[in-house]
Amino acid sequence: MAEMVASPQTYREGREEYSNKADYDGGSSILSTRDSFFTPSTSSSRTSAARSGASSASNYRFEHNRRYHAYRDGHYLVPNDQQEQDRMDVVHQMMYLLLDNELHLSPLKEPRRILDVGTGTGVWAIEMAFKYPNARVIGNDLSPIQVSPPPNCSFDVEDAESDWLYPTNNFDFIHTRQLLGGITNWPRFFQQAYDHIRPGGWLELQETPANPFTDTATPPPSDLPIFRVLSLLKLASLNAGRAFSDESFKSQMEEAGFVDVQETRFRIPLGPWERDSRGKEVGRYNMINFMEGLEGYSLALFTRVLGMEVEKVRELIEGAKRDGMNRKLRIYFWLVVVRGRKPEAPPAST
Ligand SMILES: C[S@@+](CC[C@H](N)C(=O)[O-])C[C@H]1O[C@@H](n2cnc3c(N)ncnc32)[C@H](O)[C@@H]1O
């Protein structure tokens with residue numbers, strides 16, 4: 001197993017302290033650590049906007065024995081409960097392994113301001129804060145589920161689809177990971193990211209579209225439960241306007257004005273069927289990701305969007321999980337990392 005990048009003990013302790021705090025008010029603790037980051041002209045409006053969201057952000061929605069975010073209820077159709085948080089942390093380790101023990105591929109030079117959009121448990125943001133102790137790292141999310149951060153890191157309750165209230169031309173680096181399913185308007189997302197990155201700064205997306213591939217001589221039958229569930233997931237997320245299958249980030253970033261845009265792909269096998277030890281290890285992580293994540297990704301989409309009965313959904317998922325364990329199917333997905341730079345400002349005219 002890959003080692004945690006930084007201070008795993010602190011991270012776990014933080015999680016425990018947080019999850020046991022029934023009366024936690026995400027707003028005040030988040031705001032108190034981050035106000036100093038904002039310029040005086042933006043801090044007051046930002047404070048009131050964030051507080052109004054954060055104050056009710058932990059009045060979670062419970063449905064079919066899973067817990068969902070409350071702020072902008074219904075915007076993101078994947079749970080935020082312990083099971084999903086544990087899955088996110090497993091995926092963090094898997095990504096770290098896939099990127100050859102790196103947290104990002106963009107060529108950063110002493111970044112000072114970093115934003116992680118859709119930070120989840122905050123594990124990436126926290127590890128970036130350890131890696132770049134002179135940087136200020138902000139993570140934002142619809143759910144206040146993050147652990148206690150180190151002093152140079154803080155978390156906001158935010159919807160990335162709202163107007164961003166951070167200063168423009170500000171961040172050295174903006175990062176997202178597994179944000180598919182949370183954004184309806186990607187062109188607007190890229191435009192906002194562009195506006196808030198400083199000239200010369202970088203945007204990086206690390207996404208795992210839910211498109212399965214197989215490495216078999218003859219394709220397996222397409223009506224196997226695993227392929228049926230994944231194609232329903234594609235259909236339902238498309239119908240909901242938040243496709244889990246989108247892969248067009250490179251062209252969209254170029255359209256937004258980013259330059260030097262590069263896409264790198266890493267194969268993510270499902271299960272330990274590859275020959276090399278690294279492929280096997282990634283496959284094991286991905287098997288946990290799949291087993292723990294499939295219900296969370298499907299349940300609300302299939303019941304709320306496709307109108308399926310919950311029992312039927314669970315039955316399908318059980319079949320898909322059985323297929324997932326079948327090494328002979330040699331299923332894999334892609335991790336797509338796309339990074340690009342905002343051009344330097346043109347020289348001032350004399
Ligand atoms: C699959 S998790 C990934 C978390 C984290 N980026 C990671 O890789 O560990 C997706 C996260 O994005 C958040 N999210 C989805 N849509 C969002 C939005 N519109 N604004 C802010 N956060 C959002 C979800 O609440 C969830 O925590």
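How many nonpolar, polar and charged residues does the shell around the ligand have? The tour of this predicted model returns to that point after a view of the whole protein.

**The whole protein.** Display the chain as a cartoon. The secondary structure comprises 10 helices and 10 strands. Of the 350 residues in the protein, 43% are buried. Among contacts between residues at least 6 apart in sequence, 72% link residues at least 24 apart.

**The ligand shell.** Next, select the ligand and its surroundings. The ligand is surrounded by 24 residues, and Gly-118, Gly-120, Ala-160, Arg-177 and Gly-182 are the closest. By class, the shell has 8 nonpolar, 11 polar and 5 charged residues. Colour α4 (82-98), α5 (123-131) and β4 (136-141), since each of these elements supplies at least two residues of the shell.

**Strand β6.** Now select residues 171-177, which form strand β6. Here 7 of the 7 residues are buried, so the strand is largely enclosed by the rest of the structure.

**The neighbours of β6.** Add strand β3 (residues 113-117), which runs parallel to β6 and is joined to β6 by 4 bridges. Within this pairing, show Asp-116 and His-175: Asp-116 stands opposite His-175 in β6. Then add strand β7 (residues 197-207), which pairs with β6 in the parallel sense over 6 bridges. Leu-205 in β7 is the bridge partner of Thr-176.

**The crossover.** Finally, select helix α6 (residues 186-196) together with β6 and β7. These three elements make a right-handed β-α-β unit.

How values were computed: Residues are numbered from 1 along each chain as its sequence is written. This is a predicted model: local features need pLDDT of at least 70, side-chain atom pairs count only at pLDDT 80 or more; totals for chains, interfaces and linings use all residues. A residue is near a molecule or strand if its C-beta atom, placed from the backbone, lies within 6 Å of it. Ala, Val, Leu, Ile, Met, Phe, Trp, Tyr, Cys and Pro count as nonpolar, Asp, Glu, Lys and Arg as charged, and the others, Gly among them, as polar. A residue is buried if 20 or more other C-beta atoms lie within 10 Å of its own, exposed if 12 or fewer, and partly exposed in between; C-beta atoms are placed from the backbone. Two residues are in contact if their C-beta atoms, placed from the backbone, lie within 7 Å. Two strands pair if DSSP finds at least two bridges between them. A crossover is right-handed if, with the strands pointing away from the viewer, the path from the first strand over the helix to the second runs clockwise.
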